[in-house]
Structures are given as structure tokens and as C-alpha cells.
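Please look over the sequence and the structure shown below before reading on. The report that follows takes up a few parts in turn.

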Amino acid sequence: MQQEMETERSWLGDGHGSLTSSDDLAMARALLSSFEDDLGDRYRYLIDSYPDACLRTCRPGHLTGSALVVDDDGANTLLLLHAKLGRWLQPGGHADGDANLAAVALREATEETGIEGLRIWPQPLHLDIHEVDPPGEDAHLHYDVRFLVRSPAGAQPQGNHESRGLRWVPLDGLADFGCDSGLVLLAQLGAELLGDLPPH
């Protein structure tokens, strides 16, 4: 399974063998192999030091998976107005024990957008560590592993209880939309990568 994740070089849909859930932290660690910098080292330290790194109860923080969902043309990304945080964000969420963070990102994107048939590029696009302070919880860190996800042509997002709104926004327009610098960078990286990937 781990070798499958390392060598897969195509868009993957729900049900693909490489997207099977796993509690093996070696899978999460393998996903970070291309991030040979201080940021990647911080993720590896978390994984190596905390056996519960994929659980939301892990402190000082835990792994999460999120998705830059782009439309079929690759021109726009789908943002959600987060119900608890009141900010426009990309889909994503807690791993809840699943060390296959590509599977986490695709699952969260499907649940939060209501779009069936999403496909994910299985190599992480971006890493971002940020503090969250949700109502009723202590402040802690999200070690977010971010992936590129493509929606099928004509997709109509539905959303769920976790958001108060959804909107397609041009990939180069997130700064004007009030998004944080990490999300703006994610969109820039996604736009660059799309030019090098097969369309489907």
C-alpha cells in the first residue's frame, strides 16, 4: 500500500486501492517524502513523537487533510464559508485516525461540497501548520496536508452543515476575496501544477 501511494501518478477517484483508509502512520510519513525542509521535518517530528498524531485529541496538534477543489477547466476553486470559524476556506478536516491523508482530503471534499465524482492528485501539494481556536476547545495546531482535487464538468456544489455558503472563485482572485496567505499560496501552487498534469 505504501509503495502504491509513492508511485501513483494519476488522478484517483473514490474506491481506488491507494485511497484505502489505514491507521499506519508510516503512510502519512511517506506522503511527506518530497518535503525535505524544516516544515517537513516538523511534520515528521509530530508523526515520530506522537502515536496519536492522526487523532483530533492529540496535542499540541494533529494531522488534517484538505483539498484545493478546482473546476473541470482548472480556472476556479471552490471555497466554503466555515460555519464555526466564519471564514472562507478550502474543504478539509480531521483525519480521525486515518493516516491516508489523501483519502481524508478526498472524503472531506466530497462531504463538504456534495460533489460526486471528485478526483484527487495523490501527491501533496502544500503543507501548512496553523493554530485553530474553535468554540469549546483549547487552541491547538493543525498540521494540514493539502491536495489538489478536480471536480467533474458541470458539478453543482451542495454543501452541508459545516458551511454557510459555497462559492467558485478564480484561482488568482483569492487575495481579493480576503483569504489568508497560506490559501493564496495553495491556489498559486495548484494553478502551476495543473499545467503539468493530465486533464483527467
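How many residues of the lining of the second largest pocket are nonpolar, polar and charged? In this predicted model, that lining divides into 5 nonpolar, 3 polar and 3 charged residues. The second largest pocket has a volume of about 160 Å³, and among the residues that line it are Asp 14, Gly 15 and Leu 19, together with Ala 103, Leu 106, Arg 107 and Thr 110.

Helix α4 covers residues 101-113, and its 13 residues reach 18 Å from the first C-alpha to the last, which is close to the 18 Å expected at 1.5 Å a residue. Because 10 of the 13 residues of α4 are buried, the helix is largely enclosed by the rest of the structure. Ala 103 and Leu 106 are among the buried residues of α4, and both also line the second largest pocket. Gly 114, which follows α4, has a positive phi, near 75 degrees.

Strand β2, made up of residues 61-70, is mostly covered, with 10 of its 10 residues buried. The table sets out how β2 pairs with two other strands.

| Partner strand | Sense | Bridges | One bridge pair |
|---|---|---|---|
| β7 (residues 140-150) | parallel | 10 bridges | Leu 68 and Leu 148 |
| β5 (residues 92-94) | antiparallel | 3 bridges | Ser 66 and Gly 92 |

Thus β2 is joined to β7 in the parallel sense, whereas β2 and β5 run antiparallel.

Note on methods. Residues are numbered from 1 along each chain as its sequence is written. This is a predicted model: local features need pLDDT of at least 70, side-chain atom pairs count only at pLDDT 80 or more; totals for chains, interfaces and linings use all residues. Side-chain values use heavy atoms; hydrogens and water are left out. Buried means under 20% relative accessible area, exposed over 50%, partly exposed in between (1.4 Å probe, protein chains only). Helices (H or I, at least four residues) and strands (E, at least two) are DSSP runs, numbered from the N terminus. Two strands pair if DSSP finds at least two bridges between them. The expected span of a helix is 1.5 Å times one less than its number of residues. On a 1 Å grid over the protein atoms alone, a cavity is a set of points where a 1.4 Å probe fits but cannot get out, and a pocket is an open set with protein on both sides within 12 Å along at least five of seven lines; lining residues have an atom within 4 Å of a point. Grid points are joined across faces, edges and corners, and a volume is the space filled by probe spheres set on the points. Ala, Val, Leu, Ile, Met, Phe, Trp, Tyr, Cys and Pro count as nonpolar, Asp, Glu, Lys and Arg as charged, and the others, Gly among them, as polar.
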